[in-house]
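Trainee: Got a minute to go through this one with me? I'd like to talk through the charge pairs and the strands.

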Amino acid sequence: INRDIALIGRRIVLVPYCQEHVERYHAWMQNKELLALTASEPLTLEEEYENCNVWSSDEKKLTWIILEKKACFLNQAFPIEAMVGDCNAFFLVGDDECEVAVMIAEASARRKGFGFEALRL
């Protein structure tokens, strides 16, 4: 659903989760603290690529990568180095409700309001 949609906020940019993000995302998800906080299991890199493919075509799930905006437009691109977390929306029965999850994976990006801004976008 959100394959071609980027949302630009005051301090962050939400971009669709795609293949170029997988390696950095996978590195985050090797962190035991993040695994515990997100109730996740460690996956192989190949499994992460497979998830990326599945999630991008799932009509019941929206998945974005959260980028720190000030790091995004230095080179007129959305660099991997600007990645700070992710935001997911899971549509429930009837598409009238959804469950939203936000992870600020980069410790240096926490407590800056990026997660709150992602929810507002």
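Trainee: Is K70 buried or exposed?

Mentor: Keep in mind that this is a predicted model. The cut-off for exposed is over 50% relative accessible area. K70 comes out at 65% relative accessibility, so the call is exposed.

Trainee: Okay, and which residue does K70 form a salt bridge with?

Mentor: Look for a carboxyl oxygen within 4 Å of the Lys nitrogen. For K70, the closest N and O atoms of the pair are 3.8 Å apart. The partner has a relative accessible area of 15%, so that residue is buried. The name you want is E68.

Trainee: How many salt bridges does the structure hold?

Mentor: Side chains of opposite charge can pair when their charged atoms come close. One of the pairs here is K70 with E68, and another is R11 with E117. The total for the structure is 3.

Trainee: How far apart are the closest N and O atoms in the salt bridge of R11 with E117?

Mentor: R11 is partly exposed at 28% relative accessible area, while E117 has 8% and counts as buried. Their closest N and O atoms are separated by 3.2 Å.

Trainee: And how many residues apart are R11 and E117?

Mentor: With R11 and E117 forming a salt bridge, check where each one sits. R11 is in the loop between β1 (7-8) and β2 (12-16), and E117 is in helix α5 (residues 114-120). The pair links distant parts of the chain, and the separation is 106 residues.

Trainee: Which residue forms a salt bridge with E106?

Mentor: Here the closest N and O atoms are 2.9 Å apart. E106 is in the loop between β5 and α5, and its partner, 82 residues apart, is in helix α1 (residues 22-28). E106 counts as partly exposed at 22%, and the partner is partly exposed at 23%. That partner is R24.

Trainee: On to the sheet: which strands are at the edges?

Mentor: There are 5 strands in an open sheet, ordered β1-β2-β3-β4-β5 with antiparallel pairing. An edge strand pairs on one side only, which gives you β1 and β5.

Trainee: What is the bridge partner of L7 in β2?

Mentor: β1 and β2 pair in the antiparallel sense over 2 bridges. Within β2, the residue matched to L7 is L14.

Trainee: Last one: about how much accessible area does the nonpolar patch with V102 have together?

Mentor: V102 lies in strand β5 (residues 98-104) and is partly exposed at 32%. V100, V102 and L119 form the patch on the surface, and together they have about 230 Å².

Definitions and conventions. Residues are numbered from 1 along each chain as its sequence is written. This is a predicted model: local features need pLDDT of at least 70, side-chain atom pairs count only at pLDDT 80 or more; totals for chains, interfaces and linings use all residues. Side-chain values use heavy atoms; hydrogens and water are left out. Patches are made of residues with over 30% relative accessible area and no salt bridge: like charges are joined within 9 Å, nonpolar side chains (Val, Leu, Ile, Met, Phe, Trp, Tyr) within 5 Å. Accessible areas come from the Shrake-Rupley method with a 1.4 Å probe; for residues, only the protein chains shown count as cover. A salt bridge is a side-chain nitrogen of Lys or Arg within 4 Å of a carboxyl oxygen of Asp or Glu. Helices (H or I, at least four residues) and strands (E, at least two) are DSSP runs, numbered from the N terminus. Buried means under 20% relative accessible area, exposed over 50%, partly exposed in between (1.4 Å probe, protein chains only). Two strands pair if DSSP finds at least two bridges between them.
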